[in-house]
Structure formats: C-alpha cells, structure tokens
Amino acid sequence: MFLKEYFGTIYKSVKSLLIGMKVTGYYFTHLKEIQTEEYPDNRATLKMFDRFKGEVVMPHDENNEHRCTGCQACEIACPNGTIKIITKQEILADGKKKKRIDTFVYRLDLCTMCNLCVVACPSDAIVMAQNFEHSVYDKKQLKKILNNPDSKLMAGVE
Amino acid sequence: MRGLIGEDILTEEGEFIINMGPQHPSTHGVLHLKIWLDGETVKRIQPNLGYIHRSIEKMSESLSYRNFIFATSRMDYLAAHVNNEACALTVEKGLQLEVPQRAKVIRTILSELTRLQSHQLWWGCTGLDLGGVTPFFYAFREREAIMEIFEETCGARLTQNYMVPGGIMYDVHPNFQKRVKDVMIQIKGKFEEYDNIMTGNVILENRLKGVGYLSKEDALSYGVTGPTARASGLSCDLRKSNPYSAYDQVQFDEILDTGGDCYARYMVRMREMRQSVSIIEQLIDNIPEGDFQAKTKNVIKLPKGEFYQRVETPRGELGVFIVSDGAASPYRIKYRSPGFSNLSALPIMAKGGKIGDLVAIMATIDLVIPDIDR
Ligand code: SF4
Ligand code: SF4
C-alpha cells in the first residue's frame, strides 16, 4: 500500500513536470510564435498608437500659425500646474486691442499625461504627441515653450 | 531587545526579529514586514506602512471633481480603470447623472479587461515568487495584448484616466471591437497552457496546498474582500450583489471556494479569468450606439452631503467616500482600499507557518502596495 502510494506520487509528479516542460518545449521548436520586441534596435519601425499620450504639443501650420487663443482653459483643467500661459495685449490691423499668447510654458517633468488639458481646450490648439523618449541630461530642458517664436494665431480661430 | 515600533516588541527567549522589505523582491513594492521568528516558524508579523504615502486623499481636496480622478490611477496601478470608474460613479451619484448606455457597456468591458490583465500579472508573479521564472513570460505575452487594447483606445498602458464623470473621455477606437475579440480568442486558447505549466504542477501544489489558511469568520471580521475572501467561502462579489455599470446585463458566476488556503485562492483567480472572458464576450458584440458621455457642467459641483460607491477591483472592494460641502472640490475624500484590509489578515494567515510559506501567502493575497498606502 505504502509503496503503491509512494510510486504513485512519483509518477504523478514526473508527469506534471513533463506536461509543463512540453509547453516550454513547444515554444523551443516554434520560434516563429515568440513575440519579442527588441526595443532600441527596432526604433526605425516602432510605431506608437495614434492616441498614445506621450507629450503635449501645439501643432503649427506651414505659415507658423497655431490655434491657441490664450483662454487658459487648459491651465485651469490641469491638475498639477504643468501649464502656464503668459498673455500679452496685441494691437491688431484695425486698431483693436486683443489678448494673445506670449508664451505657453509646458513642464514635461510635472505632466502626468492625463489628457485633461487636451479635452478642455475649446479650439483644439493642443494635442498629444506620440514621442516617449523623454530623457535629457539637464532638468531645465524639460521646461518647454510650445508656441514657436513669432508664431501667430490662425485666422478664424476665436 | 527593543525594536522601533510600539511597546509590544519585547522578544521572548529564543525569538528573533527580521525585517522583510521594504526592498524585498517578493513584496511587490515597498512593504515592510517585521517578522518575529522562532527558528523558521513565524510567530508574529507586523506590517509597517508609509514608504509610498503620496497623500492622494489630501491632495484631492484641492482638486476639482474632474481633476482628482487622475491620481487614483496611481493607487492600484494594475486596476486604474476600475479606480477611475469608482470615482466617476461616486461623482455621478452625487450629481444624480444618468450615464449613457454605451459608456456603461464600454466601462464594463474595460473593467473586465483590467481584471483579466491584473490576474494574469498576478499569475506570472506567483510563479516567480514560488521559484519559477517561466510563467512570468507566458503571462506577459497575453497581458501585452490587453495592454495594446488600452494603449490604442485610452492612450496609456497603466495610468489611463479614461473614465470621467458622465461617461468615458472619448469614444473607443474604431479597431476596439475587433481587437478585443481577437485577444479573447487568443487568451481562451492559452488558459490550457497556463494550467499545464502551473496548476497541475507538483511543486506548486506542494507549496500552496494547506498553506496560509484563512477561515470564513476571520475573512469576514478582518474585512477581507475579493478573491482572497471568496476562496474562504465568503460571498462578496459586488458585481453580483450591488451591480454597477452594465454588470446587471450579463450572466456570470461568482467564483467561490471553501479551501481557504493558498491553493484555493490560486484556483479562484484562475477561474475568475475565465468568467471575465465570458463577460467580455457577452458585451463586445452588444455595444449600443449613442453618446459616450453625458453632458456635465463646465464646473462640477456636488450638492452638500456624503456619497459612497463601491466597486469590485481585481483585488477586492474599493470604496470611494466623498464628503461635499457644495463647493467645486471635495471637502474630504476617503478611499477604502482592498489591499489594506487584505493585508491586515496576513498575520493570522502566516502565523505558525514557515517563513518560506509567507512568500506564497503574500503572492496569493495579490498585494499592490501603492493601493494599501495612498
Ligand atoms: S496632460 Fe494632464 S498633467 Fe499634462 S499638461 Fe495636460 S492636464 Fe496637465
Ligand atoms: S491651448 Fe486651448 S485651452 Fe489652452 S489657452 Fe490655448 S486655446 Fe485655451
């Protein structure tokens, strides 16, 4: 009785181990089914999803024009104080004074990629970029100014 | 010998204290356990928290009702969707807002995907904790497919912040349905592989069977929830008893086991994964058309009062309690996290066992430390 149980246990144990090894063995012989992305080497072909939240950017068109009116809705929507908008008064062609953005400061080091600023913006001026390699040697480089120098507000955006 | 905490640390003759953590690989984070040992037998355990306290509750008091949700992704980072959903549901309760059906169904699908990937990661890590590196890679292979669903639709892998008061932040990606269906087929085929590699394995059975017993009474009195409590026979699935979102529209079983030991907890999670797949399959073809978000005011203000909502995360019951004084940000927020209560039962589970078993017990409670210590 004892011997039967003893060998029974050994048989069961070895069998369970072999079943497990079979799975490993299967992949050892089916190399095509292995999914490994060799990240730094596949940089050229690596494409992130369109919605991937990597960094907030402000798109400019070919005339160096953006859509940001300086309404500061994004600044209020941001939970961490990542965005700081400095506005200025600009005199337009018809002599009227209008509020325009001077600098759009974005601190990548504070940003949590929560997307709240992008959905809060009434004029779709900011979007999420898919870039994710953010490491730099100096912390100061993480403080970015999103509007290009000498950029203008796109016509028709209010 | 006097330790650091409290009066009751005087050791008896022959006992000694060792500290496990806060940087021990098997504690999955910065959990510090102070263990009183007699030889290799555990006599007493004292969890010591505070290493990853980020003051999320206090911080939320100065944020608006739209903004505070992002921080909850960092509590139980393996179940960010469920945490976000709990907060959104509480705010909706306060506003008495009806969420569109489409948003409800999508929320449920994403919550179940979250549960699935969380259990997969747990499965891999349990293998790792018990000395087998292989399962970890198999678990991550399928988990990666779910992560890609999240990445494509929500834009992030862990900290999605996709559930907002009123529904979901933006509509699902056009590929969503197809991708989820493909992944479900892929995962269903792999469950057998999981079982072959781990479940029937003799080493696993010897390490888990009869280890870390938790009785139903203890589970109840310590407030243990989730798969850990269901393995002790305590019925506590909020998806069944207090259905939220679209859980009242699907058929599924509440998985119960009466073993109470580590193996029962292991089996409950393994069976729950299959239930999650079945829930997703019921819903994925029936996503109703319509709005994905109900209209909310620009500045959300909850009426004066107290609001509470609980949801079932992969680890147990998460409760969100908001006290509002009528302003634009909460007066007080309290999270009842599943991990904290589950951890409180660890000392009685591990008492009298060997220190090697402690690792197995911790693995099967499925602790996520940032959830315990917010
Ligand atoms: S993504 Fe979130 S944290 Fe980052 S700037 Fe926008 S609102 Fe602020
Ligand atoms: S980015 Fe959008 S929300 Fe922010 S200031 Fe400009 S227009 Fe307003």
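**Cores, sheets and overall form of chains A and B**

In this predicted model, B:S329 is in contact with B:E61, B:S62, B:L63, B:S64 and B:Y65, once its neighbours within four places in sequence are left aside. The loop that holds B:S329 runs between strand 7 and strand 8 of chain B. Between the C-alpha atoms of B:S329 and B:E306 there is a separation of 13 Å, the two residues being 23 residues apart along the chain.

The strands on either side of this loop belong to an open sheet of chain B, in which three strands follow the order 6-7-8 with antiparallel pairing. Strand 6 (305-313) and strand 8 (332-336) stand at the edges with a single partner strand each, so one side of each has no neighbour in the sheet. On average, and with direction ignored, neighbouring strands here are turned by 15 degrees against each other. Strand 7 (residues 316-324) and strand 8 of chain B are joined in the antiparallel sense over five bridges. Within strand 8 of chain B, B:R332 serves as the bridge partner of B:V323. Helix 3 (residues 80-95) of chain B lies across strand 6, strand 7 and strand 8, and runs at about 150 degrees to strand 6 of chain B.

Attention can now turn to the nonpolar interior. As a general point, nonpolar side chains in soluble globular proteins tend to be buried together. The largest nonpolar core in the model has 108 residues, and B:F68, B:L113 and B:W123 are those with the most contacts inside it. Helix 11 (residues 262-284) of chain B supplies the largest share of this core, with 10 residues. Apart from this core lies another, of 20 residues, which includes A:L108, A:C117, A:M128 and A:L146. Returning to chain B, B:F68 touches B:S60, B:L63, B:C87, B:V91, B:I322, B:I333 and B:Y335, not counting residues up to four places away in sequence. B:L63 is also one of the residues in contact with B:S329.

Chain A has its own arrangement. Its secondary structure comes to three helices and seven strands, which follow the pattern α-β-β-α-β-β-α-β-β-β when read along the sequence. Three of the strands make an open sheet in the order 3-4-6, again with antiparallel pairing. Strand 3 (83-91) and strand 6 (143-145) of chain A are the edge strands, each of which pairs on one side only. The average turn between neighbouring strands of this sheet is 25 degrees, direction ignored. Nine bridges link strand 3 of chain A to strand 4 (residues 97-107) of chain A in the antiparallel sense. Opposite A:K88 stands A:R100, in strand 4 of chain A.

What radius of gyration does chain A have, set against that of a compact globule of 158 residues? The value for chain A is 28 Å, whereas such a globule would have one near 15 Å. The C-alpha trace of chain A spans about 105 × 35 × 30 Å along its principal axes. Of the 158 residues in chain A, 34% are buried. Among contacts in chain A with a separation of 6 or more, 68% come from residues 24 or more positions apart. The exposed area of chain A is about 11000 Å², of which carbon and sulfur atoms supply 58%.

Terms used. Residues numbered from 1 in each chain as written. Chains lettered and ligands numbered in written order. Predicted model: local features only at pLDDT ≥ 70, side-chain atom pairs only at ≥ 80, totals over all residues. Heavy atoms only, no water. Core = buried A, V, L, I, M, F, W, Y, C linked by side-chain atoms within 4.5 Å. Buried < 20%, exposed > 50% of the residue type's maximum accessible area, 1.4 Å probe, protein only. Helix = DSSP H or I, 4+ residues; strand = E, 2+ residues; numbered from the N terminus. Contact = heavy atoms within 4.5 Å. Pairing = 2+ DSSP bridges. Axes fitted to C-alpha atoms, helices over the stretch in contact; angles between N-to-C directions. Rg over C-alpha atoms; globule rule 2.2 N^0.38 Å. Areas by Shrake-Rupley, 256 points an atom, 1.4 Å probe, with all protein chains shown as cover.
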